[in-house]
Amino acid sequence: MVAVQETSSSVAPTSKGALWTGRVLSILSILFLLFDAFGKFARPVQVTDAFTRLGLPLATSLTIGVVLTVCTLLYAIPRTAVLGAVLLTGYLGGAVAIHLRAGSPTFEEIFPALFGVIAWAGLYLRDPELRRFLPIRR
């Protein structure tokens with residue numbers, strides 16, 4: 001059996017500006033998500049108040065923190081970044097749903113979705129294979 005390798009010649013090379021913009025967006029996403037996960041572990045008063053306001057049992061904070069940490073680490077590793085982004089999309093979608101159900105202010109409802117867009121934009125700008133798979137026409 002002969003393996004056929006696909007070339008990514010159909011995708012324009014990444015400019016240095018786009019690559020660095022993607023890296024910065026990704027790094028900011030990773031740092032924020034890890035900070036958020038740490039809050040789930042440390043349970044400062046802001047987190048406990050938010051869990052109460054959203055109707056979530058505080059006992060679930062550890063599980064939510066672990067899920068967020070795993071998804072973020074998968075996103076941070078280049079080889080598994082797309083899987084991590086897909087999992088983070090699900091996680092952030094759940095956050096949107098919880099805020100909608102709780103009647104949170106509009107900003108709190110849309111912030112997780114906007115954050116997901118930033119994470120995907122960072123990955124899209126730094127990953128030529130993803131751009132080949134999801135071409136955006138100009």
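**Exercise 1. Place arginine 53 and describe its surroundings.**

Solution. Arginine 53 sits in helix α2. Helices here are DSSP runs of H or I with at least four residues, strands are E runs of at least two, and both are numbered from the N terminus. The model is predicted: local features need pLDDT of at least 70, side-chain atom pairs count only at pLDDT 80 or more, and totals for chains, interfaces and linings use all residues. Residues are numbered from 1 along each chain as its sequence is written, and side-chain values use heavy atoms, with hydrogens and water left out.

Step 1: take the accessibility. Arginine 53 has a relative accessible area of 45%, so it is partly exposed. The scale is: buried under 20% relative accessible area, exposed over 50%, partly exposed in between, with a 1.4 Å probe and protein chains only.

Step 2: list the contacts, meaning heavy atoms within 4.5 Å. Leaving out residues up to four places away in sequence, arginine 53 touches Ala102, Ser104 and Glu108.

Step 3: compare sequence with space. Arginine 53 and alanine 102 are 49 residues apart in sequence, and their C-alpha atoms are 7.5 Å apart.

**Exercise 2. Work out how α4 and α5 pack.**

Solution. Step 1: take the geometry. The axes of α4 (residues 81-102) and α5 (residues 106-126) come within 7 Å and cross at roughly 170 degrees. Axes are lines fitted to C-alpha atoms, for helices over the stretch in contact, and angles run from 0 to 180 degrees between N-to-C directions.

Step 2: classify the angle. Under 35 degrees counts as roughly parallel, over 145 as roughly antiparallel, 65 to 115 as roughly perpendicular and the rest as oblique. The two helices, α4 and α5, are therefore roughly antiparallel.

Step 3: name the partners. On the α4 side they include Ala81, Val86, Leu92 and His99. On the α5 side they include Glu108, Phe115, Trp120 and Arg126. By class, this contact of α4 with α5 has 13 nonpolar, three polar and three charged residues. Ala, Val, Leu, Ile, Met, Phe, Trp, Tyr, Cys and Pro count as nonpolar, Asp, Glu, Lys and Arg as charged, and the others, Gly among them, as polar.

**Exercise 3. Describe the lining of the largest pocket.**

Solution. Step 1: give the volume. The largest pocket has about 780 Å³.

Step 2: find the residues at its centre. Of the 26 lining residues, Asp36, Lys40, Leu54, Tyr91 and His99 are the closest to the centre of the largest pocket.

Step 3: assign the elements. Those giving two or more residues to the lining are α1 (16-42), α2 (45-54), α4 and α5. Helix α1 gives the most, with seven residues.

Step 4: sort by class. The lining has 18 nonpolar, four polar and four charged residues.

**Exercise 4. Compare two loop residues, arginine 43 and glycine 55.**

Solution. Step 1: place arginine 43. This residue lies in the loop between α1 and α2. Its relative accessible area is 35%, so arginine 43 is partly exposed.

Step 2: check the backbone. Arginine 43 is not a glycine, yet its phi is positive, about 55 degrees. Most residues other than glycine have a negative phi.

Step 3: turn to glycine 55, in the loop between α2 and α3 (61-76). At 53% relative accessibility, glycine 55 counts as exposed. Glycine 55 and histidine 99 are 44 residues apart in sequence, but 9.9 Å apart in space, C-alpha to C-alpha.

**Exercise 5. Link leucine 125 to the start of the chain.**

Solution. Step 1: locate leucine 125 in helix α5. With a relative accessible area of 24%, leucine 125 is partly exposed.

Step 2: list its contacts beyond four places in sequence. Among them are Thr14, Ala18, Leu25 and Arg131.

Step 3: take the separation. Leucine 125 and serine 15 are 110 residues apart in sequence and 9.1 Å apart, C-alpha to C-alpha.

Methods. On a 1 Å grid over the protein atoms alone, a cavity is a set of points where a 1.4 Å probe fits but cannot get out, and a pocket is an open set with protein on both sides within 12 Å along at least five of seven lines; lining residues have an atom within 4 Å of a point. Grid points are joined across faces, edges and corners, and a volume is the space filled by probe spheres set on the points.
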